[in-house]
Amino acid sequence: MNEPALHGMAQTKKDRSAPVLRPGNTNCGGCGMSNLLQMLSRAAEDSDIKIVIPACCAAITTGVFPESSISVPTILTTFAAGASVATGVASVAQLNNEETRVICLAGDGGTYDIGMGTLSAAAERNEDILYICYDNEIYGNTGGQRSSATPTGASTTTTLGGKSEVKKDIMGIMAAHHIPYAASISLAHADDTLRKLRFALNVKGFRFLHVLAPCPTGWKSEPAVSIELVRLAVRSGLFPIFEVFDGDHYTINIEPDFSSEALLMYLSLQRRFRKSGVTEEAIRPNIERYWHQLRAMSGRIMPAIRNIKAD
Amino acid sequence: MSVELISANHAAALGATLAGRANRTARGFCSGVYPITPTTECMEYLCGQEIEKGKVVRVDSEHSAMGVCIGASSAGARSFTATSSNGLAYMLENCVAAASYRLPIVMAVSNRTLGPPWNIWADHGDSLLLRDLGWLQFYCADNQEVFDTVLCAFKLAEDPRVLMPAISCMDGFILSHTMAQVEIPGQKLVDRFLPTTKVPHRLNKSAHTLGQLEIPQQAVAHRTQHHQAMLAAVQVYAEIQDSFEEIFGRRVADPVVAYHADDADTLIVSMGTIGTTAERVVDQLREQGQRVGSIRVRMFRPMPENDLRKYFAGTKRIAVLDRNISLGYGGVLWGEIRGFSDPDAIVQGYMVGVAGGDVRREHIINLLTDLQQCKTESAPKIVEVA
């Protein structure tokens with residue numbers, strides 16, 4: 001594994017003068033969405049951005065009126081209306097020849113489940129929106145219920161013995177819309193993440209980013225190991241990092257080692273997998289099936305060589 | 001000014017088009033639309049218009065249609081949509097949001113019965129779902145009124161003292177699909193009537209967040225502001241009527257349209273097209289020497305209470321005709337206005353034309369005969385008009 005150093009996501013000269021996510025916000029320690037917004041602060045260093053947030057943890061992140069933890073103009077919408085409200089904001093920016101980037105920041109519930117129709121429609125219309133799904137694999141805001149993003153074997157408050165179904169393939173769904181750009185993002189691979197965020201900010205049309213966002217509260221994991229968990233999910237092949245251009249050109253960005261060590265470590269560091277006792281043998285076929293398809297789509301039968309220029 | 005023979009659906013869309021174009025020097029016009037019987041022709045017409053600095057987004061659902069309107073309006077554009085019945089029910093969650101954000105979105109509603117079982121005919125139950133949300137509501141009785149009301153709704157909704165969404169309702173098919181002459185002003189006159197849209201809290205440069213968490217005290221403060229602005233809309237509407245008359249040379253209808261009401265001992269109160277039928281009944285009965293009058297409640301939110309109290313004063317018998325039914329209670333209009341009459345008056349509720357029944361003069365005359373025989377008020381009556 002050749003992973004770039006995290007080189008500290010604290011406020012530096014390279015970031016926006018006001019961080020997108022302000023200090024003093026109420027996010028849980030180790031929240032993946034916090035990390036994502038830190039990285040967005042750097043990627044969108046000098047872009048004019050507006051954010052649309054449907055009901056999800058990020059809506060709570062903004063805090064209580066009239067103070068806000070988000071330092072850019074933001075509108076909080078109803079659960080299923082993220083992509084439609086973003087359509088309105090982006091359309092008016094376009095009508096007025098503004099360079100505003102409209103970002104829709106939604107959780108997995110608002111993306112995979114209740115907002116799916118709205119998201120699909122906005123993607124089909126190729127609206128000029130950057131849609132970022134921070135996927136914590138549960139309804140975190142309501143206390144951790146099953147969503148269609150919850151992985152096999154994970155206990156939630158509505159699947160006490162662990163979920164038996166397979167996680168929905170959101171990247172496949174978005175790629176099938178033939179949008180200009182779709183990519184999955186690893187918070188443990190900062191250079192790749194920054195490159196994708198910057199690229200996605202500047203592409204015209206509908207862009208989709210899928211971020212695995214650890215939720216120590218829901219995953220029953222230590223806040224300090226959140227980034228490590230993402231690294232293990234990527235190493236084990238559980239969370240493939242790739243990008244899709246125009247729905248047909250696939251590029252695998254990070255090659256996993258598919259090791260049992262990474263997978264077992266990933267499962268054992270989270271208490272949500274304990275009750276079901278889900279084993280490597282149960283998960284491995286899903287990983288293999290997905291990667292088989294991914295390799296076919298990317299036109300590679302050999303493992304991809306990492307080719308990301310260091311930032 | 002030209003006169004065109006168009007349906008009320010097209011009249012509403014034409015009003016929105018002219019209003020949209022009038023905002024070309026500001027943030028433009030953006031609308032999300034989705035088809036549903038009997039409003040489809042309204043959104044189709046809008047999709048066919050060339051609107052400078054305007055965009056009509058053909059979305060995936062009514063929920064998204066209102067979503068686009070919210071996004072557009074929160075970005076400072078003028079915004080409009082049209083729907084009916086279950087479309088409005090599906091949109092409802094975003095209607096709550098649009099009102100709470102205090103966004104001046106205008107919507108045309110062709111009233112239609114909520115289903116299933118499916119029924120495409122007129123009933124006010126759909127738009128009445130929005131009764132308590134903080135939307136201004138108008139019920140129209142002819143095509144000209146639909147056109148005028150859409151223009152006035154933009155001006156009223158965007159007034160800084162009001163600043164909230166508005167709906168203009170028309171009875172499905174009875175108006176929405178009926179062709180009638182409509183006076184259409186030229187763009188220059190509409191530009192004069194409608195100043196450009198200003199949404200003071202729009203997403204601009206400052207880093208504020210719309211729709212955040214509120215503690216109860218803040219929520220109450222916001223609701224109070226909203227309520228007071230709604231009440232103030234009655235006076236603002238009167239000013240708009242004057243401005244409308246000055247620019248277009250004719251007067252837009254009052255919040256309460258009274259017909260031979262001043263000396264009447266019996267009043268027929270209704271909303272929408274039933275009101276025009278009631279006026280014909282008044283003509284007929286006046287010829288026979290009966291002192292009957294008609295009151296058509298055109299502005300339903302805010303409720304023009306003072307006007308109604310004025311007309312009800314001294315009236316002994318009032319028949320309230322509701323084209324809706326609040327199950328377990330009675331007609332919505334009846335429930336709202338029965339307190340405005342003299343204490344000794346008989347205010348009898350009749351639910352007539354519910355779910356699209358065709359209300360004709362003989363039906364209203366029968367109701368009045370029933371009313372004259374009433375010794376005391378009784379429970380609201382459901383009247384079949386087959």
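**Exercise 1. In which sense, and over how many bridges, do strand β11 and strand β12 of chain B pair?**

Solution. This is a predicted model in which local features need pLDDT of at least 70, side-chain atom pairs count only at pLDDT 80 or more, and totals for chains, interfaces and linings use all residues. Residues are numbered from 1 along each chain as its sequence is written, while chains are lettered from A and ligands numbered from 1 in the order in which they are written.

Step 1. Locate the strands: β11(B) covers residues 266-270 and β12(B) residues 292-297. Strands (E, at least two residues) and helices (H or I, at least four) are DSSP runs, numbered from the N terminus.

Step 2. Establish the pairing, which requires at least two DSSP bridges between two strands. β11(B) and β12(B) are parallel, with 5 bridges. Within β12(B), Ile295(B) is the bridge partner of Val269(B).

Step 3. Place the pair in its sheet. The order β10-β12-β11-β14-β15-β16 in chain B describes an open sheet of 6 strands with mixed pairing. β10 (256-259) and β16 (381-383) of chain B each have a single partner strand, so one side of each lacks a neighbour in the sheet. From one strand to the next, the twist averages 25°.

**Exercise 2. Determine how helices α9 and α10 of chain B lie relative to strands of that chain.**

Solution. Step 1. Helix α9(B), residues 274-287, lies across β10, β11, β12 and β14 of chain B, at about 170° to β12(B). Angles run from 0 to 180 degrees between N-to-C directions, with axes fitted to C-alpha atoms, for helices over the stretch in contact. Contact means C-beta atoms, placed from the backbone, within 7 Å.

Step 2. Helix α10(B), residues 305-312, lies across β10, β12 and β14 of chain B and runs at about 15° to β10(B).

**Exercise 3. Describe the contact between chains A and B.**

Solution. Step 1. Chain B contributes 38 residues and chain A 32 residues. On the chain B side, α3(B) provides the largest share, 9 residues.

Step 2. Strand β2 of chain A (residues 74-77) pairs with β9(B) in the parallel sense over 2 bridges. Thr209(B) in β9(B) is the bridge partner of Thr74(A).

Step 3. The open sheet involved has 9 strands, in the order β8(A)-β7(A)-β5(A)-β6(A)-β4(A)-β3(A)-β1(A)-β2(A)-β9(B), with mixed pairing. β8 (249-254) of chain A and β9 of chain B stand at its edges, each with a single partner strand, so one side of each has no neighbour in the sheet.

Note on methods. Two residues are in contact if their C-beta atoms, placed from the backbone, lie within 7 Å.
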